[in-house]
Amino acid sequence: MNKHILVIPGDGIGPEVTQWGKAALEKIAEIFGHEFTFDEALMGHAAIEVTGTPLPDETLEKARKSDAILFGAIGHAKYDNDPSLKVRPEQGLLKIRKELGLYANLRPILLFDELLQASSIKPTILKGTDILFFRELTGDVYFGEKTRSEDRNTASDLMIYHKYEVERIAHKAYAAARQRRGKLCSVDKANVLESSRLWRETVQEIAKQYPDVETSHMFIDNAAMQLIKDPKQFDVVLTANLFGDILTDEASQIAGSMGMLASASVGDGTGFFEPIHGSAHDITGKDLANPLASILSAALMLEISFGLKEEAKTLVDAVDKVLKEGFRTNDIADTTTNRYKVLGTQEMGKLVIKFLTQTV
Ligand code: IPM
Ligand code: MN
């Protein structure tokens, strides 16, 4: 198979981890006889530094021409404490999501048995959890109109949804639920928000087309609680942009660490694959970042964009083997025991590549 992949390392730990997602794709191509070609582009703070804008036209052009995109992370400390800065790295990510029509963000909570101890939740509650989040990605308060009064003392962000936006992601989520355990929980705040009432009505309508899937609805506050209380009750969770952003960070604790979670953003065109973690400036350049989320993002690319199931499984198996043999990065190491061999980013990346050849 011939594929052209655009790598956008981005900011902070992005380049350190993306290097390993890319290396994993190269190794997979070599093992299975595929031809993957790569290009690179700037986005975020890295792009602002060079071009003055977080998403240069050149990056967008390259993105449109590629078969899939592997992205690292976005953000820089200098913007976090200075909300007055007008040009911000995150705008690059939001714009590329909108421009490429990446309206569905799939965030699987993949729980490796080996990491049951790494979570702050009791292993008995966690064991067997397998959730697939569908977070809407190009609507909501993220893209609604923003205002600021002249005296700067009043601000607003419009929370807005159109019916077609709910319909198209609902169809994707239902299709996935059919392939899984046949359960879909839609999360909203329909007791308060009009946009959530539209969301719920629309999901109720679409549900009729999928009578084989068991549909439930939950308010976001309750869902945040249920996720920790009894995560096994969930199969597919469908939710809006902001609720999904918050709920999936919470859910990352089920998988032990943000450093383990991959995501796929898809729509009708090129797919975009990225770890759910951020740029983590506090550990940037210290060889402390966990490259496994980037490697698992590469696995999602193989499966979702290229339909290469066996190749994707080989990658996940290699990650599993690394964990089974007791290798950990700092974020998933249990420092109360010395059972684990703690590795830096580079060593962890190398080991997965090495095991890749052995798991085929
Ligand atoms: C994410 C991130 C982004 C978001 C930020 C960086 C704009 O937190 O991908 O979850 O809020 O969507
Ligand atoms: Mn987020």
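In the predicted model, strand β3 (residues 68–73) and strand β12 (residues 271–275) run parallel and are joined by three bridges. One residue of β3, A68, has G271 of β12 as its bridge partner. Both strands belong to an open sheet of 10 strands, in which the pairing is mixed and the order is β2-β1-β3-β12-β11-β4-β5-β10-β8-β9. At the edges of this sheet lie β2 (35–40) and β9 (214–219), each of which pairs on one side only. From one strand to the next, the twist averages 25°.

Helix α1 (residues 14–32) lies across part of this sheet, namely β1 (2–10), β2, β3 and β12. Relative to β3, the helix runs at about 150°. Helix α1 also meets helix α12: the axes of the two helices come within 11 Å and cross at roughly 125°. With angles over 145 degrees counted as roughly antiparallel and those from 65 to 115 as roughly perpendicular, this crossing makes α1 oblique to α12. The crossing of α1 past α12 is right-handed. On the side of α1, the contact is formed by A24, I28 and F32, and on the side of α12 by E311, T314 and L315. By class, the residues of this contact comprise four nonpolar, one polar and one charged.

Helix α12 (residues 309–324) packs in addition against helix α11 (residues 292–305), at an angle of about 165° and with the axes 7 Å apart. The two helices are therefore roughly antiparallel to each other. Their crossing is left-handed. From α11, the residues L292, I295, L296, A298, A299, L302 and E303 meet K309, E311, A312, L315, V316 and V319 of α12. This contact of α11 with α12 contains 10 nonpolar residues and three charged ones, with no polar residue. Two residues of α12, E311 and L315, appear both in the contact with α11 and in the contact with α1.

A further helix pair is formed by α7 (residues 163–179) and α8 (residues 194–207), whose axes come within 9 Å and cross at roughly 45°. At that angle, α7 is oblique to α8. The crossing of α7 and α8 is right-handed. In α7, the residues K163, V166, E167, A170, H171 and Y174 meet L198, W199, T202, V203 and I206 in α8. The contact of α7 with α8 divides into seven nonpolar, two polar and two charged residues.

The model also contains ligand 1, and the residues around this ligand are I74, G75, E90, L93, L94, D245 and I276. Helix α5 (residues 89–99) provides the largest share of the shell, with three residues. By class, the shell around ligand 1 consists of four nonpolar residues, one polar residue and two charged residues. Among the residues of the shell are I74 and I276; the strands β3 and β12 end at residues 73 and 275 respectively.

Definitions and conventions
Residues are numbered from 1 along each chain as its sequence is written. Chains are lettered from A and ligands numbered from 1 in the order in which they are written. This is a predicted model: local features need pLDDT of at least 70, side-chain atom pairs count only at pLDDT 80 or more; totals for chains, interfaces and linings use all residues. A residue is near a molecule or strand if its C-beta atom, placed from the backbone, lies within 6 Å of it. Helices (H or I, at least four residues) and strands (E, at least two) are DSSP runs, numbered from the N terminus. Ala, Val, Leu, Ile, Met, Phe, Trp, Tyr, Cys and Pro count as nonpolar, Asp, Glu, Lys and Arg as charged, and the others, Gly among them, as polar. Axes are lines fitted to C-alpha atoms, for helices over the stretch in contact, and angles run from 0 to 180 degrees between N-to-C directions. Angles under 35 degrees count as roughly parallel, over 145 as roughly antiparallel, 65 to 115 as roughly perpendicular and the rest as oblique. A crossing is left-handed if the near helix is turned anticlockwise from the far one by less than a right angle, and right-handed if clockwise. Two residues are in contact if their C-beta atoms, placed from the backbone, lie within 7 Å. Two strands pair if DSSP finds at least two bridges between them.
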